[in-house]
Amino acid sequence: MKRRFPTALVFVVVAVVFAFVSLLGCGAAERPDGGQGLLPVGAPAPDVFAADQHGAIQRLSDQRGRAVVVYFYPKDGTPGCTEEACAFRDAWDRFKQANVQVFGVSSDTRESHEAFATEHRLPFPILVDTDHTWANAFGVPMRLGTMARVTFLIDPDGKIAKVYPDVDPGVHAEDVLKDAAQLTGAALPVAPAAPGSAAPAGSDGAAPGAASAAPGAASAAPAGAATGTPVPVATGTMLPPAAPAAPTPTKR
């Protein structure tokens, strides 16, 4: 028995290591199209569909004619995934202006997606991929049962335009927006000014009463301004002369 124990122990260790490596998914993922690894630039995007957090079916091929961002993330509610989702949320209006659709994808359930989207007010679809159909089709590897953080940018013709295998969740949305706007030919939408920031010169947000007349403009300074005499605010019309005071009746 003493001689057979080490052999059995070796088999146990090998089985544990094999299972651990399988969970890590270190090897390149094999795609249904026969390729391995992430879908390369120029490849046609797969025609896949899935339910979003509201239960609506989203089909990738329905988005032809616009650029599409498909970002895979590990898990709802984790710090990095929350930061990434909120970055796309904050830039969502500018993505719409550039005619770009955004899809988030993970292996979480619809209920998890719904709670995650509600908590962080996510306005774009996050798709349920519990059977890994989307991950396999795009060649996204699995790590410890969750998807790797990878983003694909798809052009309006349905082909992979760019792949982002390693991203910084905090700034990733801005980087993708710049690339996506180039695909659609749209001018890069400008981020809205932060509350309390100064309005640019000549904008409608100038402070009331601020002087902005250029030299030689038709509107001259009101008379008496140079001597310090108080001048009423100009309204563009002349005030009528004051009516004469009514005569005081005499007592009899």
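1. His-120 sits in helix 4. Bear in mind that this is a predicted model. Is the residue buried or exposed? His-120 comes out as buried because its relative accessible area is 15%, and the cut-off for buried is under 20%.

2. What does His-120 touch, once residues up to four places away in sequence are set aside? The list is Thr-82, Cys-86 and Arg-89. Of these, Thr-82 and Cys-86 also turn up among the buried residues of helix 2. Helix 2 covers residues 79–90, and helix 4 covers 110–120.

3. On helix 2 itself: there are 12 residues, and the span from the first C-alpha to the last is 16 Å. That is close to the expected 16 Å, taking 1.5 Å a residue, so nothing to flag there on length.

4. The buried residues of helix 2 are Cys-81, Thr-82, Glu-84, Ala-85, Cys-86, Ala-87 and Phe-88. Have a look at Glu-84 while you're there, since it is on that buried list.

5. Which elements do those buried residues pack against? On the strand side, we have strand 3 (67–72), strand 4 (100–106) and strand 8 (150–154). The helices are helix 3 (92–97), helix 4 (110–120) and helix 6 (172–184).

6. Now the cavities. The structure has 1 cavity of 30 Å³ or more, and the volume of the largest is about 90 Å³. Its lining takes in 14 residues, with Leu-60, Ser-61, Arg-64, Ile-154 and Gly-158 nearest the centre. By class, that lining splits into 6 nonpolar, 4 polar and 4 charged residues.

Key
Residues are numbered from 1 along each chain as its sequence is written. This is a predicted model: local features need pLDDT of at least 70, side-chain atom pairs count only at pLDDT 80 or more; totals for chains, interfaces and linings use all residues. Side-chain values use heavy atoms; hydrogens and water are left out. On a 1 Å grid over the protein atoms alone, a cavity is a set of points where a 1.4 Å probe fits but cannot get out, and a pocket is an open set with protein on both sides within 12 Å along at least five of seven lines; lining residues have an atom within 4 Å of a point. Grid points are joined across faces, edges and corners, and a volume is the space filled by probe spheres set on the points. Ala, Val, Leu, Ile, Met, Phe, Trp, Tyr, Cys and Pro count as nonpolar, Asp, Glu, Lys and Arg as charged, and the others, Gly among them, as polar. Helices (H or I, at least four residues) and strands (E, at least two) are DSSP runs, numbered from the N terminus. The expected span of a helix is 1.5 Å times one less than its number of residues. Buried means under 20% relative accessible area, exposed over 50%, partly exposed in between (1.4 Å probe, protein chains only). Contact means heavy atoms within 4.5 Å.
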